[in-house]
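Colleague: I am new to this structure and would like to go through the terms used to describe it. Please set each value against its definition.

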Amino acid sequence: TTNSILRVPKSRSTLVYMRIQLSCYHVLRPPSFSGILPLDSPCSGLCDIIDIDEHYLVQKPEKLSSVCVAGALRDGLCAYTALHTHARMAAGHTLLVMDGASSFGLMCIQLACYHGVKVLTTSHSPQTHTFLEKLRPSVARVISMANGSLDLLPVVLEETGGLGVDIVIDSGVRLQEEDESEEIKLLPHKHDIISVLGVGGHWVTCNQELQLDPPDCRLLHLKSACLSFLNPEVWTASSAQQGRYLHILKDIVEKMSAGILRPQPEEAVPRYEATVAMETVQHQQKKKAVVQL
């Protein structure tokens with residue numbers, strides 16, 4: 001029901017109480033649940049007991065550790081949203097994942113390979129290049145971006161027979177040519193991404209500040225291509241999406257339990273270091289942090 005509230009305690013030895021209307025259920029051995037707190041949640045995740053609607057939670061398989069699920073659930077949700085919801089991925093499509101060695105990129109690669117998609121990806125260093133080449137199931141081509149994006153378009157056209165890719169998922173975009181920071185130099189320019197798109201292609205971007213000039217829009221129009229902004233928080237913005245949202249979360253943990261999705265291992269930090277971990281994420285020194293309660 002819409003009035004259901006699940007109280008999730010921090011300790012596994014503590015009792016779990018589930019209130020559904022006027023009934024109360026006492027569970028001696030509580031199951032473990034996984035979920036993502038909505039942005040408007042009144043409770044923080046760093047507390048002993050969290051009040052959260054049951055529609056935001058799925059049961060966690062016993063073979064998966066809490067640290068593994070906590071570190072991978074949001075990346076899995078982003079991958080599902082980008083590939084299934086926005087790009088309408090299908091077997092036989094060609095996908096380009098920028099920075100495939102990132103936790104989000106790795107989820108996209110594994111999910112796409114499972115569905116029979118030909119995957120191209122990029123690397124930012126010799127170490128990540130070697131890592132991506134040894135992935136199983138393997139990707140079709142790893143493109144080095146260590147010296148910029150000069151090789152991106154020629155390699156993509158070579159791999160696709162001059163047609164371009166059906167889907168591009170970026171991890172950030174360089175908006176201006178004169179950007180000089182080292183991190184920005186590793187990102188592709190927005191014109192490079194539009195150029196590698198095929199006719200009817202789909203570009204899913206993580207850059208919320210993306211701006212397209214009229215020539216860029218004209219090129220997208222000529223290719224009849226489309227652009228989508230990836231925001232995984234949108235699932236909890238409407239109650240009409242709760243069924244699909246729960247289905248995605250359940251599918252993620254089931255595929256992780258079956259070994260289809262193998263996220264990068266995360267090292268959890270203790271609770272007394274949570275403030276420092278939060279500051280590093282806010283200053284974009286790290287993309288995420290897992291806190292052990």
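Colleague: What percentage of the residues in the protein is buried?

Modeller: Of the 293 residues, 42% are buried. Buried means under 20% relative accessible area, exposed means over 50%, and partly exposed lies in between, with a 1.4 Å probe and protein chains only. This is a predicted model, in which local features need pLDDT of at least 70 and side-chain atom pairs count only at pLDDT 80 or more, while totals for chains, interfaces and linings use all residues. Residues are numbered from 1 along each chain as its sequence is written, and side-chain values use heavy atoms, with hydrogens and water left out.

Colleague: How many helices and strands does the protein have?

Modeller: There are 9 helices and 14 strands. Both are DSSP runs numbered from the N terminus: helices are H or I with at least four residues, strands are E with at least two.

Colleague: What span does helix H1 reach, and what is expected?

Modeller: Helix H1, residues 66-86, has 21 residues and reaches 29 Å from its first C-alpha to its last. The expected span is 1.5 Å times one less than the number of residues, and for H1 that is 30 Å, so the two values are close. H1 also bends by about 40° at alanine 72; the bend is the angle between axes fitted to the seven residues ending there and the seven starting there. Just after H1, arginine 88 has a positive phi of about 55°.

Colleague: Why is the pair of lysine 118 and glutamate 159 called a salt bridge?

Modeller: The term requires a side-chain nitrogen of Lys or Arg within 4 Å of a carboxyl oxygen of Asp or Glu. The N to O distance in this pair is 3.6 Å, so the pair qualifies. Lysine 118 lies in strand E8 (residues 118-123) and glutamate 159 in helix H4 (residues 152-159), so the salt bridge ties together parts that are 41 residues apart in sequence. The whole structure has 7 salt bridges.

Colleague: What makes glutamate 159 partly exposed?

Modeller: Its relative accessible area is 23%, which falls between the two cut-offs, so glutamate 159 is partly exposed. Glutamate 159 also forms a salt bridge with arginine 141, with the closest N and O atoms 2.9 Å apart. Arginine 141 is in strand E9 (residues 141-144), so this pair ties together parts that are 18 residues apart in sequence. Arginine 141 is partly exposed at 28%.

Colleague: How do you know that aspartate 216 is buried?

Modeller: The relative accessible area of aspartate 216 is 7%, so it counts as buried. Lysine 190, at 4%, is buried as well. The two form a salt bridge, the closest N and O atoms being 3.8 Å apart. The pair links helix H7 (residues 214-223) with helix H6 (residues 190-196), and the partners are 26 residues apart.

Colleague: Why is serine 103 called buried?

Modeller: Serine 103 has a relative accessible area of 18%, so it falls under the cut-off for buried. Serine 103 is found in helix H2 (residues 103-114).

Colleague: Which residues does serine 103 contact, leaving aside its neighbours within four places in sequence?

Modeller: Serine 103 is in contact with Asp75, Gln264 and Lys288, where contact means heavy atoms within 4.5 Å.
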